[in-house]
Amino acid sequence: MEPPEDAEQYGQAMSSARKTIVELDLSRYMDICRFLQESLNGPEAVAELNRQILNLITQGLQIVNLSIETIPYKSTGDGAIIAFDEAENAVQFAIALHRTADKENSGKKVELARRHFRVGMFTSDIIIEEKRTPSGDLIGHEFAGTGIGDAVRLESKCKTGEILIDSETWAELPHDSRKQFGPEKIVKGKRPTEEFRAHSRRIVDPATWEKPAVRKRKLPKGTARRRTKTAKPSLSPPEAATAGPEKISIASLPITGEHLVGRERELEQLDGAWADAGTNVISLVAWGGVGKSALVNRWLGNLATENYRGARRVYGVSFYSQGTRQTAVSADTAIDAALRWFDDPDPKAGSPWDKGERLARLVRQEPTLLILDGLEPLQNPPGPDGGRLKDPALQSLVRELAASNQGLCVITTRYRVADIDDRTTTTAPLIELENLSDEAGAQLLRTLGVEGPEEELRLASREFGGHGLALNLLGTYLHDVYGGDVRRRDEVSLLESDVEQGGHAKRVMESYENWFGEGPELSVLRILGLFDRPADAKAVTALREPPPIPGLTDAVQELTDAQWRQTLAKLRRAGLLADADPHDPDTLDAHPLVREHFGQQLREEHAQAWREGNNRLYEHYKAVAPEFPDTLEEMAPLFAAVAHGCAAGRHQEALNDVYIKRIQRGNEFHVTKKLGAFGADLAALAGLFEKPWQQPVAGIKEADKAFMLAQAGFHLRALGRLKEAVQPMQAGLDADITREDWQNAAIAAGNLSELYNTMGDLKRGLEIAQQSVHLADESGDANHRMITRTINADALHQAGRAAEAETLFREAEEMQKESQPSYPFLYSIRGYQYCDLLLGQGKYGEVQDRAGRALKIVEQGSRNLLDIALNHLSLGRAHLAAPQDSGTGDFSQAAEHLDQAVDGLRESGNQDHIPRGFLARAALHRVRKAFDRSQHDLDEAMSIAERGGMGLFQTDAHLEYARLRLAMGDRPEARENLDKAKEMVGRMGYHRRDGAVAELEEQLKDD
């Protein structure tokens, strides 16, 4: 490095450190300088250009909370050199720089008036020398080290609007950031022997500024949205989209083959759905292997060539990458990852419904293309609730987007999504993807190298049902084995299987199996059969470790790396293994039907290999996970460990050592109480059941079976799946009684009683509540004797037997005084239930006193979210009722407490309590004549109640709807809601509401 011109004027401090060096240059700097000098105001325009560059750099640094004053920086006139401590900060700065410049370019018609950058990065040790004035003020930096020149060389090889980074920088990035970059490539330097291993990422594409504009999906505020039915949509990129999307993440979508024929109509339908501002969600529905994912991938590829036609964000998630077993899949991890990607400030906050609604709001802030691939593992199978989404967050997301969406959500699934069936003729149409026609199937076979008369090719397509995966496999099989002779198709296996479940494809897979023999190809396919999701490289390596597993890895044990790659290439040519993912090339994946077929074959014909393979994976995933993970992402290996441990027959060990000890952390219940991931925790339990959620596997201790049943029922109830929760709760109760475990039996009976009551089966709820009292008395446990009496009292209260209920509440409170003299009154949910009774008696002051004291106890003690929320709810209801009776009209305290109640109930995640808050606040808004807000809260309460089958809350909602409509002067609508409520009260025995029904009848008696 050359010394400063006048070294005596400067103080210098030198340091050596590992940094990520960013070299950035303004594209066409000299051309812009000449343009400014000739067409504007002479030489001083160049100084202004340099100031513009500095301003853009400053804005980019501010976005990552840095500044030129706090980071090593050196201006180079047309750009800068900046040294970052963290590679991620360097990348985020470069992205911010590109996007900030791109925004300022918007609307500039002259190319040389626009500003575009190239950015190169290199991570290495460098020397940084500070330059200071005699007074100590920092005035700049000088850099030394080979990494500076390397960053400059990468920048020189970079395209405009791109980031080019060396592999060291890439390796230091978080996993999600790595996935945004392309695969590793070799970049040549200035000298013939100089080369770099690098990754690139395009942020903006200046070339798109020259393309013509068309209608944007985003409409001005207040503009009514209409479905376009006659005009053919324009497919050119809109003006607002010239720079392409701000963010793209589609790496988790499945890799599909390159051949797609006979889907021109469906591609046009997808084009039309994207261009039509009135289409919010579109579903592609077909059985496995028909080609849903391949169709979406082709469409995305078409969109990419035109900068995604106005989409500002593109995000895709495959639920087959979360797992394929219906009972073992949760959307928790996917929703958590999506919230983070869409910049939610606190992805952990709120109930599953809240997370889904919040994600929907983030998605629709600007035109977003959202792909939800392979949704069926999270849907109920064909039956009474067939097609309905089981995950509340996903259900909420899909329904919200169907109602309102600037962009488009594309769903692929085997079953139509019943939750949005009511919108299939309006905002959420579906495409039922049919099998290929004979002509299209013949064309596909020819593309794959199959030869023969056209009629024979069409007949072959017909014989294999026009099934996309089957024909792809058939084509490659005939080409590889019989030279492409279509007449030899008769020699393909005659395996009998359900056509709708991919039977034709399985025929070809069995033929491949016979052709491969016991070789490395079959070993790889069996390895994939151990996974219900893509197989990560480290897990596959663990399986291939010595000693070999007979029937599974013996044929691949001694393969060299080259032979291993050749085997994978052969399977990829056959269509049995997905092409390598450029973002994660060592991960192996296959179509779910392929994984399922070879997994079933391994399990049934090589049972020992199946068990030992899963045993290896169990040990592997236990080892790679943190001992006590804090996040869902960190928890994923432990979830996988439980599944593979169960498949290996180590159920008791997986339950004790992984699920209870490391996932739940004993009695902490970490996953549900700290992460709110009821769905993920429920999925982890699936492998411990022979028949979810009814029969635990044999061999597990009887006490643990009862625990698992109770746990499953509790989670299903919290997820709002009340009907599904009944069976495991009842089975757990029966198991406790059989073992004469009276204490746990009393708890189970109490939980089951409350479940039946919420559903509206008050007769059954009361019977089991009385049973819980007897069981608690049998146990002799004072606390449970008290609790079960309050459960029984609440059941009596709902049935309209208030006097008996009050007697039991008082008896329970006397027990409370004896066992806890410092807390001489009922609190927690038991206190809320008693306050609920007292409010009906008009004892508002007593409720305010009780709930106020209980709130102080919980806020100073357990900080239980549900208890805090219920105390606010009691206080809010009391402060709402008292002014109405006194006529004072001051509802400020009611509003404060009810807002806190609603927020707290949603945060607690307990779906079976949330409607209470909305119903109470709806009444407050009605009294204050805020009818729109009252309607909103009522709609929220009814929506949750209907989804969860909560009969009592549905009845209460109809009664409040009737009051609201009466206040608004809509008497016919009030009468309709009253009639519905009256019918439900009589049918369920919900006689607590007899007085409310009579009061409304009196007000509407003249109608």
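**Exercise 1. A residue in the α22–α23 loop**

Task: Is R665 buried or exposed?

Solution:
- Start with the number: R665 has a relative accessible area of 18%.
- Now bring in the cut-off, since buried means under 20%.
- So R665 counts as buried. Keep in mind that this is a predicted model.
- Next, place R665 on the chain: it sits in the loop between α22 and α23.
- Finally, check the backbone. R665 isn't a glycine, yet its phi is positive, near 55°. For background, most residues other than glycine have a negative phi.

**Exercise 2. Staying in that loop**

Task: Which residues is Q664 in contact with, leaving aside its neighbours within four places in sequence?

Solution:
- Find Q664 first: it belongs to the loop between α22 (651-663) and α23 (670-673).
- Then look at its cover. The relative accessible area of Q664 is 1%, so Q664 is buried.
- With those sequence neighbours set aside, Q664 is in contact with Y659, F669, H670, V671, D681, Q711 and H715.

**Exercise 3. Another positive phi**

Task: Is N65 buried or exposed?

Solution:
- Look for N65 in the loop between α2 (44-63) and β2 (73-75).
- Its phi is positive, about 60°, although N65 is not a glycine.
- The cut-off we need is that exposed means over 50%.
- N65 has 71% relative accessibility, so N65 counts as exposed.

**Exercise 4. How long should a helix be?**

Task: What span should the 14 residues of helix α35 have at 1.5 Å a residue?

Solution:
- Helix α35 covers residues 914-927.
- The rule multiplies 1.5 Å by one less than the number of residues.
- That's why the expected span of α35 is 20 Å.
- Compare this with the model: the end C-alpha atoms of α35 are 21 Å apart, which agrees.
- While you're there, check the cover: 12 of the 14 residues of α35 are buried. Among them are I914, F918, L919 and L924, along with R921 and H925.
- Step just past the end of α35 and you meet K929, with a positive phi of about 65°.

**Exercise 5. Two helices crossing**

Task: At roughly what angle do the axes of α10 and α11 cross?

Solution:
- Two packed helices are described by the angle between their axes and the distance between the axes.
- Here the helices are α10 (residues 352-363) and α11 (residues 392-403), and their axes cross at roughly 35°.
- For the distance, the two axes come within 7 Å.
- The crossing of α10 past α11 is right-handed.
- On the α10 side, the contact is made by P352, W353, G356, E357, L359, A360 and V363. On the α11 side it is made by P392, A393, Q395, S396, L397, E400 and L401.
- Sort these by class and you get nine nonpolar, three polar and two charged residues.

**Exercise 6. Hunting for cis bonds**

Task: Where is the peptide bond cis, with omega near -10°?

Solution:
- As background, most peptide bonds are trans.
- The bond you want runs from P692 to W693.
- W693 is in the loop between β15 (689-691) and β16 (695-696).
- The bond from P546 to P547 is also cis, with omega near 0°. P547 lies in the loop between α17 (537-544) and α18.

**Exercise 7. Cysteines**

Task: How many disulfides does the count give?

Solution:
- The rule asks for a pair of cysteine sulfur atoms within 2.5 Å.
- By that rule, the count is zero.
- Two cysteines to look up are C158, buried with a relative accessible area of 6%, and C646, buried with 5%.

Notes: Residues numbered from 1 in each chain as written. Predicted model: local features only at pLDDT ≥ 70, side-chain atom pairs only at ≥ 80, totals over all residues. Heavy atoms only, no water. Helix = DSSP H or I, 4+ residues; strand = E, 2+ residues; numbered from the N terminus. Buried < 20%, exposed > 50% of the residue type's maximum accessible area, 1.4 Å probe, protein only. Axes fitted to C-alpha atoms, helices over the stretch in contact; angles between N-to-C directions. Left-handed = near helix turned anticlockwise from the far one by under 90°. Contact = heavy atoms within 4.5 Å. Nonpolar A, V, L, I, M, F, W, Y, C, P; charged D, E, K, R; others polar.
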